[in-house]
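I opened a fresh page of my notebook for this one. Come along and read over my shoulder.

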Amino acid sequence: MRFLDQFVGFLLAAAKWLALPIVTLLFLQWPLRTMLGLYSREANDLGQWLFALYVAVSITAATRARAHLAADTMARHYSHAAREWLARAGVVFGLIPWSIIVLVTSWSLVRNSTLLLERFPDTGNPGYFIIKLALLLMALLVLVQGLLELMPPVRRPSSQ
Amino acid sequence: MTELMPWLGLSLLLLVGLGVVFTGIPAAVVLLAAACFGAVAGAISGAVPVQLLGALPERLINLLENDLLQAIPLYVLMGTLINRLPIADALYRCCLVFAPGPAAPVVSGIALGALLGPMNGSVGASVLALSRVAEPRLAASGISLPRRAAVITVASTLGVVVPPSLVLILLGDAMLNAHTIAVTAIGRDDRVINTQDVFHGALVPAALYLAACLIIGWWFNRRSKPGETAPLKTALRPTVQQAVLAIVTVSAILILLGGVATGYFYAVEAAAMGGFILLLAGFVSGRLPLPVLNEILREALALTGALFFLLVAATTLTLVLRILGTDQLVAGWIAAIPGGTLSATVIVLAGIALSALVLDAFEIIFVVVPIVIPPLLIRVADARWVAVLVLLALQASFINPLIGYAVMMTRTVLRQAIPFPALLRSLLPYLFAQAALLLAVLFLPQLTHVGEGVDDRSRKPPAISNEELERRFEQMLPPTVPPPLDVEPRR
């Protein structure tokens, strides 16, 4: 479990740098379109699959950084143990079943797309299958992080 | 059993509200737990074909490839960059120069909120920036803690209605989907509204609300406070560099806003441009060394995840609600509201306002809007007007004194106990202004159509009679057949 925790941390630490090419590519599509009239769709498509990978890992980053939006108007009056128990209930009844449903229902869709190295339908540019793979990555990371959340010794907030 | 399923969906919504308020679990996790419970209960009862869940991956992939949603990380990154760069401070100092008398710190704080809003797009980022830059100066001016909190809360939400804010973009997308469903259902020949229409429609109400907030801020703080420390305006006079930075920033904002408003570039491109310029400025000025950049990117990734997870969770729950037929149940209720356009709109807005007691704006956009707005737009042809009304209701939800997101964020960031009655008193003038604006837009729909060209109009005269409309609406309410899952537009 410790290895898994470190691996997820390493993945998130690497993924955060994707923000820089995403900003650059999405910015560049405007001058490329209006000034050069070239490669703006390529910039958009590339930005799109980088965006998909970025947001796919961002959910787990938010979980580890305890950044998810929550209303603690009432819960702040609860004991620490009660809040821990509620958090675990959320993992067991929300995160884990959802990630399993997504993994199961998306498996064949993603597999077929990846085997075909599916291209973007509008432009024919390569890499569309990466967007579908990102969904699998998202669900897998949520599942792994959910399991890590249930293991007290490994839980380490903000460990990216 | 089948006829009970829509009610199960409705009870899930109630469960979500209670779960968010009473458990303290992240709202997205509550939404997912409710969705999983609904799916399992539906499947076990045998009333709902479990294969319908197969539509979930497609819907989630739609999110991952949605051009508009690319704005989320861009805005979040801009917000975190603004927090680290000296831009907010320079803007605040320059606002102080122009603001009159003892109310200058408050008026400048509100003006700063309006300037930062379109840049960072998110209420949370605005709260952080305002708390760091304006709050100490407000305190030094002898302004009480509840009033300071109220100013920061309200100022941080100004960006919600000023394009191209994140809330506005996401609502624009939700309205596009809702309007497409409505016009498809009843065969009206309307042009489906887009985010640009919502931008334009919100401009005049946003300007009115900003003016009202500035006047309120000035009026309630126009007299010197006994504890005021000193001539703050002199102490905080901007340096030449700060003045230049402020001028460049305001010019950049105006160019971005103008570009988006005139359709010269898309909101996402404007956000990318803003983020790129800020990054470049940070690198050139040497204010983004590697450890700081590392921290900014880490924060941006986590905040993006928090917002995107809500979107993912809400998409899952709305699919389950559709499978259970809850959207049809609600559509039937909205169709049965007596009276005309106004009464239906008022009741739906009241429902959204009620949801705002337990859900924040993002959850409302992702969960409530897809359920209640399509049937409303079947009755109400003016989609732009409805969009702006929903936007104003959402903005009001941010400053809901009980659990409004901006209020909670301000309380958290200020790290001081703020008595609720005092905070409520300080927020009341702004809440009244918000309510007055909502009423004005409700009764004067033309406020959302100022400067609208004939070609821009989405509203067209009804192509069918009221009787035919009712007949088609009845056809939309099959009580026993599972609802079609492909009614939402794909981008």
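Below are my entries, chain by chain and then helix by helix.

**Entry 1: getting my bearings**

I reminded myself at the start that I am looking at a predicted model.

I began with chain A and counted five helices and zero strands. Read from the N terminus, its elements run α-α-α-α-α. I then looked up the box that the C-alpha atoms of chain A fill, and along the principal axes it is roughly 60 × 35 × 30 Å.

Chain A has 160 residues, and 51% of them count as buried. Its accessible surface comes to about 7600 Å², and carbon and sulfur atoms hold 70% of that area. I also checked the contacts in chain A between residues at least 6 apart in sequence: 74% of them join residues at least 24 apart.

**Entry 2: the same look-up for chain B**

For chain B I found 22 helices and zero strands. This chain has 491 residues, of which 60% count as buried. Chain B exposes about 18200 Å², with 69% supplied by carbon and sulfur atoms. Taking contacts between residues at least 6 apart in sequence, I noted that 83% of those in chain B join residues at least 24 apart.

**Entry 3: two loop residues in chain A**

I went looking for positive phi values in residues other than glycine, and Tyr39(A) turned up with phi near 60°. I placed Tyr39(A) in the loop between helix 2 (19-36) and helix 3 (40-64) of chain A. Is Tyr39(A) buried or exposed? Its relative accessible area is 57%, so I wrote it down as exposed.

Leu117(A) went on the page next, with a positive phi near 50°. I found Leu117(A) in the loop between helix 4 (80-115) and helix 5 (128-149) of chain A. Leu117(A) counts as exposed because its relative accessibility is 52%, and the cut-off for exposed is over 50%.

**Entry 4: helix 4 against helix 14 in chain B**

I wanted to see how helices pack in chain B. A general note to myself: two packed helices are described by the angle between their axes and the distance between the axes.

I took helix 4 (residues 71-84) and helix 14 (residues 267-284) of chain B, whose axes come within 9 Å and cross at roughly 30°. That angle is why I call helix 4 of chain B roughly parallel to helix 14 of chain B. The crossing of helix 4 of chain B past helix 14 of chain B is left-handed.

Which residues make the contact? From helix 4 of chain B, I listed Ala71(B), Leu74(B), Tyr75(B), Leu77(B), Met78(B), Leu81(B) and Ile82(B). From helix 14 of chain B, the partners include Ala267(B), Val268(B), Gly274(B), Gly275(B) and Leu278(B). Sorted by class, this contact of helix 4 of chain B with helix 14 of chain B has 13 nonpolar, two polar and no charged residues.

**Entry 5: helix 9 against helix 21 in chain B**

Next I looked up helix 9 (residues 145-161) and helix 21 (residues 420-443) of chain B, which pack at an angle of about 45° with axes 8 Å apart. That makes helix 9 of chain B oblique to helix 21 of chain B. Helix 9 of chain B passes helix 21 of chain B in a right-handed crossing.

On the helix 9 side of chain B, the contact residues are Pro146(B), Arg147(B), Ala149(B), Ala150(B), Val151(B), Thr153(B) and Val154(B). They meet Ala422(B), Leu423(B), Ser426(B), Leu427(B) and Tyr430(B) in helix 21 of chain B. By class, I get nine nonpolar, two polar and one charged residue for the contact of helix 9 of chain B with helix 21 of chain B.

**Entry 6: helix 20 of chain B**

How many of the 10 residues of helix 20 (residues 405-414) of chain B are buried? I found seven, and the helix is mostly covered. Among the buried ones are Tyr405(B), Val407(B), Met408(B), Met409(B) and Leu414(B).

I followed the buried residues of helix 20 of chain B outward, and they pack against helix 7 (123-133), helix 8 (135-140), helix 9, helix 19 (383-398) and helix 21 of chain B. Just after helix 20 of chain B, I spotted Arg415(B) with a positive phi of about 55°.

**Entry 7: one last residue, Gln242(B)**

I ended in helix 13 (residues 240-261) of chain B, where Gln242(B) lies. Gln242(B) counts as buried because its relative accessibility is 17%, and buried means under 20%. Setting aside neighbours within four places in sequence, I found Gln242(B) in contact with Asp89(B), Ala90(B), Arg93(B), Cys94(B) and Arg237(B).

Technical notes: Residues numbered from 1 in each chain as written. Chains lettered and ligands numbered in written order. Predicted model: local features only at pLDDT ≥ 70, side-chain atom pairs only at ≥ 80, totals over all residues. Heavy atoms only, no water. Axes fitted to C-alpha atoms, helices over the stretch in contact; angles between N-to-C directions. Helix = DSSP H or I, 4+ residues; strand = E, 2+ residues; numbered from the N terminus. Parallel < 35°, antiparallel > 145°, perpendicular 65-115°, else oblique. Left-handed = near helix turned anticlockwise from the far one by under 90°. Contact = heavy atoms within 4.5 Å. Nonpolar A, V, L, I, M, F, W, Y, C, P; charged D, E, K, R; others polar. Buried < 20%, exposed > 50% of the residue type's maximum accessible area, 1.4 Å probe, protein only. Areas by Shrake-Rupley, 256 points an atom, 1.4 Å probe, with all protein chains shown as cover.
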